[in-house]
Amino acid sequence: MPHPFRFGVSLLNPAPAEEWHAKCRRAEELGYDVIHVPDHLGMVAPFPALVAAAAVTERPRLGTLVLNAGFWNPTLLAREVATTDALTGGRLELGLGTGYVGAELEAAGLPFGSARERVDHLQRTVEELAHTSRVPLMIGGNGDRVLRLAAEHADIAAFGGAYADPQSTTGRLIPVTAEQLDERVARYRKFAANREEPAELNLLLQMVVVTEDRAAVVQPLLDRVPEVTLEQALALPVLLIGTLDRIVAQVLAQRERYGFSYLTVLEPYMEAFAPVVAELGGH
């Protein structure tokens with residue numbers, strides 16, 4: 001049996017306290033199960049933002065999607081996690097990833113390292129936290145080593161709907177096609193075959209637009225990412241574009257195809273996705 005749906009919203013934009021509180025309350029009013037924050041320079045600082053969200057909400061869990069492990073010393077991170085979980089009433093969900101924007105680490109005066117070094121650091125971080133933290137753990141990424149780490153340690157495996165352009169230092173992303181995601185999920189399931197309890201599978205949605213003209217909405221993406229055809233773009237799992245009925249059907253079909261029962265939308269699409277949350281939440 002598939003996991004029941006859970007829906008999260010990733011709040012990206014820093015705001016004064018009153019505005020931040022209002023956004024968090026609105027997410028709860030709309031029925032979102034989780035309030036997420038990212039971990040990028042120029043966006044909110046994750047842990048203070050989640051503590052502030054907890055102060056004005058009661059039901060949603062509070063998560064990081066996902067922390068850039070390269071920003072964090074594992075021992076000091078364990079302290080942040082323990083304190084944040086206590087101050088949020090045990091509602092914290094900790095998401096971790098390797099990070100993919102070299103320019104951010106450079107700006108912070110930290111080494112970016114090779115892909116192998118970044119995954120090594122993520123693994124050390126996961127192992128350190130295992131000794132000190134019992135909060136639900138999400139591990140995000142699509143590479144084999146990260147998928148294996150998620151299969152071994154994570155309560156939630158978060159798949160990226162895009163991969164970093166290897167020629168870019170600014171984090172340019174290239175969308176993962178539906179067929180590529182099939183292969184990555186199958187790879188994860190192979191690694192997770194011996195788990196006693198199946199993990200939730202999460203996908204971060206990049207766009208939700210209710211429209212009758214799907215091609216017109218997708219065209220700006222094609223202008224930025226010439227590697228993707230119109231047909232491929234319209235089939236991308238991270239894009240929910242179409243009538244409301246079509247979007248609901250796509251969400252159901254993607255749970256059947258991939259197992260994605262835990263979906264997170266970006267802040268600009270919180271209101272647009274709310275009818276889907278109302279219709280499918282908990283089912």
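**Close-up 1. Helices α1 and α2 sit oblique to each other in this predicted model.** The two axes cross at roughly 60 degrees, and that falls short of the 65 degrees where roughly perpendicular starts, so the pair counts as oblique. Here α1 covers residues 17-29 and α2 covers residues 46-56, with their axes coming within 9 Å. The crossing is right-handed. On the α1 side, look for Trp20, His21, Cys24, Arg25 and Glu28; they meet Ala49, Ala52, Ala53 and Val56 from α2. Sorted by class, that contact has 6 nonpolar, 1 polar and 2 charged residues.

**Close-up 2. Helices α10 and α11 make another oblique pair.** This time it's residues 244-258 (α10) against residues 270-280 (α11), with axes that come within 10 Å and cross at roughly 55 degrees. As α10 passes α11, the crossing is right-handed. Leu244, Ile247, Val248, Val251 and Leu252 are what α10 brings along, and they meet Phe273, Pro275, Val276, Glu279 and Leu280 of α11. The class tally for this contact is 9 nonpolar, no polar and 1 charged.

**Close-up 3. Threonine 64 is tucked away in strand β3.** The strand runs over residues 61-64. Threonine 64 has a relative accessible area of just 1%, under the 20% cut-off, so it counts as buried. Its side chain reaches the backbone nitrogen of glycine 95 at 2.8 Å. Leaving aside residues up to four places away in sequence, threonine 64 touches His36, Val37, Pro46, Phe47, Leu50, Glu93, Leu94, Gly95 and Met138.

Definitions and conventions
Residues are numbered from 1 along each chain as its sequence is written. This is a predicted model: local features need pLDDT of at least 70, side-chain atom pairs count only at pLDDT 80 or more; totals for chains, interfaces and linings use all residues. Side-chain values use heavy atoms; hydrogens and water are left out. Helices (H or I, at least four residues) and strands (E, at least two) are DSSP runs, numbered from the N terminus. Buried means under 20% relative accessible area, exposed over 50%, partly exposed in between (1.4 Å probe, protein chains only). A polar contact is a pair of N or O atoms within 3.5 Å; within protein, one must be able to donate a hydrogen and the other to accept it, and residues adjacent in sequence count only if both atoms are side-chain atoms. Contact means heavy atoms within 4.5 Å. Axes are lines fitted to C-alpha atoms, for helices over the stretch in contact, and angles run from 0 to 180 degrees between N-to-C directions. Angles under 35 degrees count as roughly parallel, over 145 as roughly antiparallel, 65 to 115 as roughly perpendicular and the rest as oblique. A crossing is left-handed if the near helix is turned anticlockwise from the far one by less than a right angle, and right-handed if clockwise. Ala, Val, Leu, Ile, Met, Phe, Trp, Tyr, Cys and Pro count as nonpolar, Asp, Glu, Lys and Arg as charged, and the others, Gly among them, as polar.
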